[in-house]
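Please walk through this structure with the coordinates open beside the text. The paragraphs below take up a pocket, two helix pairs and a pair of loop residues in turn.

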Amino acid sequence: MNENLEFSIKRISFDENYQPSDSTRLTTNFANLARGSSRQENLRNTLKMIDNRFNSLADWDNPSGDRYAVALEIISVEVEMGVDDAAAVFPLIEILKTSIIDSRTGARIDGIAGNNFSSYVRDYDFSVLLPAYNNSRAVFGTPEDFGDLHGKLFKYFVGSDAYKANFGKPPVICISASSSKVYQRTANQHPALGVEYLQNELSSTDHYFAKMGMQVRFFLPPNGVAPLAFYFFSDLLGDYTDLELIGTVSTMETFQKIYRPEIYNANSPAGRVYQPSLKHHDYSLTKIVYDREERSQLAVKQGRFTEENFIKPYRQTLEQWAANCAL
């Protein structure tokens, strides 16, 4: 096997005309919206929600609340392994890249890569490997090496020439807070991210992202109702501008309002002590069609796809690469 994995990056605009490619994970937030008879209306409404939220947060020198628009690109990453003089290619991850369009100056401002994070190998880890490991266990647990391969693949990609040639800063990934943990409001407040919350203990997702080299902080954005989890590499508040961070907040909070309205479109905000719950009843629905049950079923199917097309046929090769990989 080639000791150095090669990555190829493809970009496609996420707009109202977006059509998922054959290699896109259908559980991915943006792909799920672009399906069915309501696909174009879904996409148009989602993009408008993102722009509106961005302008509400970037309200300085923006009296009419329409100065900015967010342009989104889907970044698809394939990994190529040299095996037996042949190229084995597999769709590794997909992320979103934001750009901010300033209608006053005409400038296109570079945003953050990451935002939404989609991974076939993560589907395998959580939907295939972990259930099998706990099938006969009395107490839920994780294998000692859980997430090791995925973490090394991700860190290797972020450190690769392909990543550096396409993106100027490390990624930031934003997802929902864990419904199994309790969050305590702090006095720390950021102008773009809002009020910081501290988690009572790390979740399994936090541990998984730690193997990807990322740490986590939780912030409740201004006029939001629940804290978001931000995973990052170095200095979340120091490495990115307010506009860059607002691009991530407006994008990912919009997705969460659609996918987890019980938490992120609740009719009352999080208190000083807060535990998210999908059983909450006092919330509002968006006008965007989304099938959450189908999404959970597809995660298992895609995990099986990864097992059959990546993990099983290249297990020895991947283990050898992981053992020799210097990060």
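Helices, here, are DSSP runs of H or I with at least four residues, and they are numbered from the N terminus. The model is a predicted one, and the helix numbers used below follow that convention.

With that numbering in hand, the second largest pocket is a convenient place to begin, and its volume comes to about 410 Å³. Three elements each give two or more residues to the lining of this pocket, namely helix 3 (120-133), helix 4 (148-158) and helix 10 (315-324). Helix 10 supplies the largest share of that lining, with 5 residues. In total 17 residues line the second largest pocket, and those that lie nearest its centre are Asp145, Asp148, Leu149, Arg315 and Glu319. By class, the lining holds 9 nonpolar, 2 polar and 6 charged residues.

Two of the helices that contribute to this lining, helix 4 and helix 10, also pack against each other. In general, two packed helices are described by the angle between their axes and the distance between the axes. For helix 4 and helix 10 the angle is about 65 degrees and the axes are 10 Å apart, while the crossing itself is left-handed. Which residues make the contact between helix 4 and helix 10? From helix 4 come Leu149, Lys152, Leu153 and Tyr156, and these meet Leu318, Trp321 and Ala322 of helix 10. This contact consists of 6 nonpolar residues and 1 charged residue, with no polar ones. Leu149 therefore appears twice in this account, being among the residues nearest the centre of the second largest pocket and among those of helix 4 that meet helix 10, where contact means heavy atoms within 4.5 Å.

A second helix pair is formed by helix 2 (residues 39-57) and helix 7 (residues 242-259), whose axes come within 8 Å and cross at roughly 135 degrees. Because of that angle, helix 2 is oblique to helix 7, and the crossing is right-handed. On the side of helix 2 the contact is made by Thr46, Met49, Ile50, Arg53, Phe54 and Leu57, whereas the partners in helix 7 include Leu243, Ile246, Gly247, Val249 and Ser250. The contact of helix 2 with helix 7 divides into 9 nonpolar, 5 polar and 3 charged residues.

Finally, two loop residues deserve a look at the backbone. Asp61, in the loop between helix 2 and strand 2 (68-83), has a positive phi near 50 degrees although Asp61 is a residue other than glycine. Asn223, which is not a glycine, likewise has a positive phi, of about 65 degrees, and Asn223 is placed in the loop between strand 8 (215-220) and strand 9 (228-232).

Notes:
Residues are numbered from 1 along each chain as its sequence is written. This is a predicted model: local features need pLDDT of at least 70, side-chain atom pairs count only at pLDDT 80 or more; totals for chains, interfaces and linings use all residues. Side-chain values use heavy atoms; hydrogens and water are left out. On a 1 Å grid over the protein atoms alone, a cavity is a set of points where a 1.4 Å probe fits but cannot get out, and a pocket is an open set with protein on both sides within 12 Å along at least five of seven lines; lining residues have an atom within 4 Å of a point. Grid points are joined across faces, edges and corners, and a volume is the space filled by probe spheres set on the points. Ala, Val, Leu, Ile, Met, Phe, Trp, Tyr, Cys and Pro count as nonpolar, Asp, Glu, Lys and Arg as charged, and the others, Gly among them, as polar. Axes are lines fitted to C-alpha atoms, for helices over the stretch in contact, and angles run from 0 to 180 degrees between N-to-C directions. Angles under 35 degrees count as roughly parallel, over 145 as roughly antiparallel, 65 to 115 as roughly perpendicular and the rest as oblique. A crossing is left-handed if the near helix is turned anticlockwise from the far one by less than a right angle, and right-handed if clockwise.
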